Amino acid sequence: MKALVGVKRVLDYAIKVRANPQKTAVDLAGLKMSMNPFDEIAVEEAIKMREAGKVKEVIALTIGDKNAAETLRGALALGADSGIHVLTDMRIDQDLQPLAVAKIFQKIMSTRSFDLVILGKQAIDDDCNQTGQILGSLLDVPSATFSSKIELSADGKSAEVTREVDFGLQKIRVSLPAVFTCDLRLNTPRFANVQNIIKAKKKPVETVNLADLGIDVAPRLKVEKVEMPSERAGGVIVGSVDELIQKLKNEAKVI
Amino acid sequence: MIQSSSRSVSLLINDQNLEEDQRLIQKTAYEFAEQELAPNAAEWDENKHFPLDVYKKAAELGFAGIYVSEKYGGCGLGRLEATLIFEGLSTGCVGSSAYISIHNMCAWMIDQFGNEEQKQRWLPEMCLFEKFSSYCLTEPDSGSDAQAMKTFAKEEGDYFVLNGSKAFISAAGASDYYLIMCKTGEKEVSCILVEKGTPGLSFGKNEFKMGWNVQPTRLVILEDCKVPKGNLIGSRGQGFKIALQGLDGGRLNIAACSLGGAARCLDTATDYIKGRKQFGRPLADNQHLQFKLAQMAIELEASRLMVRHAARLLTDKSPNYTMYCAMAKKLATDRCFDIVNDALQMHGGYGYLKEYPIERFLRDLRVHQILEGTNEIMMHIIQRTLLKDA
């Protein structure tokens, strides 16, 4: 079985996020970028499946500018067998949106066969939580989202998935092929060991220009403005309940 | 995911001008330090615990045989990668990082000078940290004057019989393999590997030390210790050369350990002085501390450059690499101790408390100016090279 894993290059989770001076986007200039943490979990799950003999090959896919190659190399260093880099200069944190991303995955998959797609549940930059679901729909296959446990059947035709949902844990069975999105507790990603980092240099990476895929990837949502939340103002001690009601009504405008 | 600070620039990790795979290796070392070493370092220091299980995890990542040939289970990397790894590990725990570096040095000595049978016998398990090793050169009466050692190996049939003692040996008692530099003639030094459990090999008490408490340090005692001739590494009389060549790299690794500790403390101090207020304003508003921080940063980066430069020279066997390794060791260990000391001062009273890791970094770094060749010996090596006639 072949597994396709999506890895996105995002602003490192520990960096304090700021809007750019033009207030059009998050400021990324010169800041540390890393693999989306949920995608690290996705890669780990795929590698574990290969180590258990359930999956034969793990292919990592990234979409982004030339810098995204580093994220792809990171996936190879963790143990993915090969990589596909869809090259584009579009802002992947804002302008390349889940519908477009899902279409790109679909297009890539149309000429190469895959039995599983494993994605992070969401990217920590746009927090959309949509790509996996849309992709499942486009491919007309089941999506098992928010997975906290994935057990592939012995015959490789289905999977039992535990999902983390609002009311607790839900267990479902999906037929393969399927799209899985990973939640935090699915696994603990391994460290990239030195031997795999060295091997990663020799693993094949296919580069494809987004423009050559012939897909409409235009954003459907237009970002009007990106700004920081307003600074926390000082508090005030009110003298009476009437004053409180007046302030809530006229200043905070919450009643 | 390495814990980055909320400041826009942090000198905790320097990945400038590194190849992609070097940066990935560095990232693994820093993450391992953050997740596996830092949370436990204080406890290990307090309880003098030698964390075998954590070393095994480090070995799974390839850290136990960094510059040992791939043929025997090593990674076949150069000295620069080694310094990046030890610097990274030291941001979490200096003592563990230092022990791993000593083990790497021993493994390299076997790889470089051992015969095929010895390499097959010892290296694969060493690269997995299934076997641990110690480097034994110093004696109670000979430190810097290493050639004055008295431990003697007398040839008797198919064996060497060793008598003597080695002092201040890191991981003695815990290690499986002891690389003993000993006299096999009046002026002839040889390197013989003695395995733990060999009759006649025993150990002194675990020394009560200022730092490096995560490693036991003991006297290694040899009393009519009979060792098969097949345990001679290299040829008779080659022992001193083996020991010193091992130390060239070992010195860089120790220097790298100093870098990691200093980088961690500089980072912590920078955050501290931004947050701590006295007289109604952050400590960081005081020009004295601003300039002090700048000076610490200069010295950290200069030390890093020196260490990485010497590492490249050593890997390439460039002319005078021994001198450069000595320079790097001297500069980095001295400057980094001062950086940590200054960082402690910046923390005020809190710096003195064991709840904060700074005092442990200070205690751990202090010995780097002494072992693997005192910094005075480093000066001796440098001047000797410069004043030598053509």
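This report walks through the two chains of a predicted model, A and B, starting with their overall build and then looking at some local details.

## Chain B as a whole

Chain B has 11 helices and 10 strands. Its radius of gyration comes out at 21 Å, close to the 21 Å that the globule rule gives for 390 residues, so chain B is as compact as a globular protein of that length. Along the principal axes, its C-alpha atoms fill a box of roughly 80 × 50 × 40 Å.

Of the 390 residues in chain B, 57% are buried. If you take the contacts between residues at least 6 apart in sequence, 74% of them join residues at least 24 apart. On the outside, chain B exposes about 16000 Å², and carbon and sulfur atoms supply 51% of that area.

## Annotated stretches of chain B

UniProt, in an unreviewed entry, puts three domain labels on chain B that are worth setting beside the model. "Acyl-CoA dehydrogenase/oxidase N-terminal" covers residues 20–127. In the model that span is 75% helix and 0% strand, and its end C-alpha atoms lie 24 Å apart.

Next comes "Acyl-CoA oxidase/dehydrogenase middle", which the unreviewed entry lists at residues 135–225 of chain B. Here the make-up is 0% helix and 49% strand, with end C-alpha atoms 17 Å apart. The label "Acyl-CoA dehydrogenase/oxidase C-terminal", again from the unreviewed entry, is given for residues 237–386 of chain B. That stretch is 79% helix and 3% strand, and its ends are 27 Å apart, C-alpha to C-alpha.

## A hairpin in chain B

Strand β2 (residues 152–156) and strand β3 (residues 159–170) of chain B run antiparallel and are joined by 5 bridges. Together β2(B) and β3(B) make a hairpin with 2 residues between them. Right by the turn, Glu156(B) stands opposite Tyr159(B) in β3(B). Gly157(B) sits in the turn itself and has a positive phi of about 65°.

## Two phenylalanines with positive phi

Glycine isn't the residue involved in the next two cases: Phe129(B) has a phi near 55°, a positive value, and Phe279(B) also has a positive phi, near 55°. Phe129(B) is found in the loop between α5 (116–127) and β1 (133–136) of chain B. Phe279(B) has its place in the loop between β9 (277–278) and β10 (281–282) of chain B.

Their surroundings are worth a look too. Phe129(B) has a relative accessible area of 0%, which makes it buried. Phe279(B), with a relative accessible area of 82%, is exposed.

## Chain A as a whole

Over in chain A there are 6 helices and 11 strands. The C-alpha atoms of chain A fill a box of roughly 70 × 40 × 40 Å along the principal axes. Buried residues account for 48% of the 255 residues in chain A.

Among contacts in chain A with a separation of 6 or more, 69% are between residues 24 or more positions apart. Chain A exposes about 13300 Å², with carbon and sulfur atoms supplying 52% of that.

## Helix α3 of chain A

Helix α3 of chain A runs over residues 98–110, which is 13 residues. At 1.5 Å a residue it should span 18 Å, and its end C-alpha atoms are indeed 18 Å apart, so the two agree.

Quite a list of residues in α3(A) is buried, including Pro98(A), Val101(A), Ile104(A), Phe105(A), Ile108(A) and Met109(A). What do the buried residues of α3(A) pack against? Their partners are the strands β1 (2–6), β4 (57–64), β5 (82–87) and β6 (116–120), along with helix α4 (131–139), of chain A.

## A hairpin and a cis proline in chain A

Strands β8 (residues 158–165) and β9 (residues 168–175) of chain A pair in the antiparallel sense over 8 bridges. β8(A) and β9(A) form a hairpin, with 2 residues between them. One pair to find on screen: Glu160(A) has Arg173(A), in β9(A), as its bridge partner.

Keep going along the chain and you reach the peptide bond from Leu176(A) to Pro177(A), which is cis, with omega near 0°. Pro177(A) has its place in the loop between β9 and β10 (178–182) of chain A.

Conventions
Residues are numbered from 1 along each chain as its sequence is written. Chains are lettered from A and ligands numbered from 1 in the order in which they are written. This is a predicted model: local features need pLDDT of at least 70, side-chain atom pairs count only at pLDDT 80 or more; totals for chains, interfaces and linings use all residues. Side-chain values use heavy atoms; hydrogens and water are left out. Helices (H or I, at least four residues) and strands (E, at least two) are DSSP runs, numbered from the N terminus. The expected span of a helix is 1.5 Å times one less than its number of residues. Buried means under 20% relative accessible area, exposed over 50%, partly exposed in between (1.4 Å probe, protein chains only). Contact means heavy atoms within 4.5 Å. UniProt positions are given in the numbering used here, feature names are shortened, and annotations may be inferred rather than shown by experiment. The radius of gyration is taken over C-alpha atoms; the globule rule is 2.2 Å times the number of residues to the power 0.38. Accessible areas come from the Shrake-Rupley method with a 1.4 Å probe; for residues, only the protein chains shown count as cover. Two strands pair if DSSP finds at least two bridges between them.
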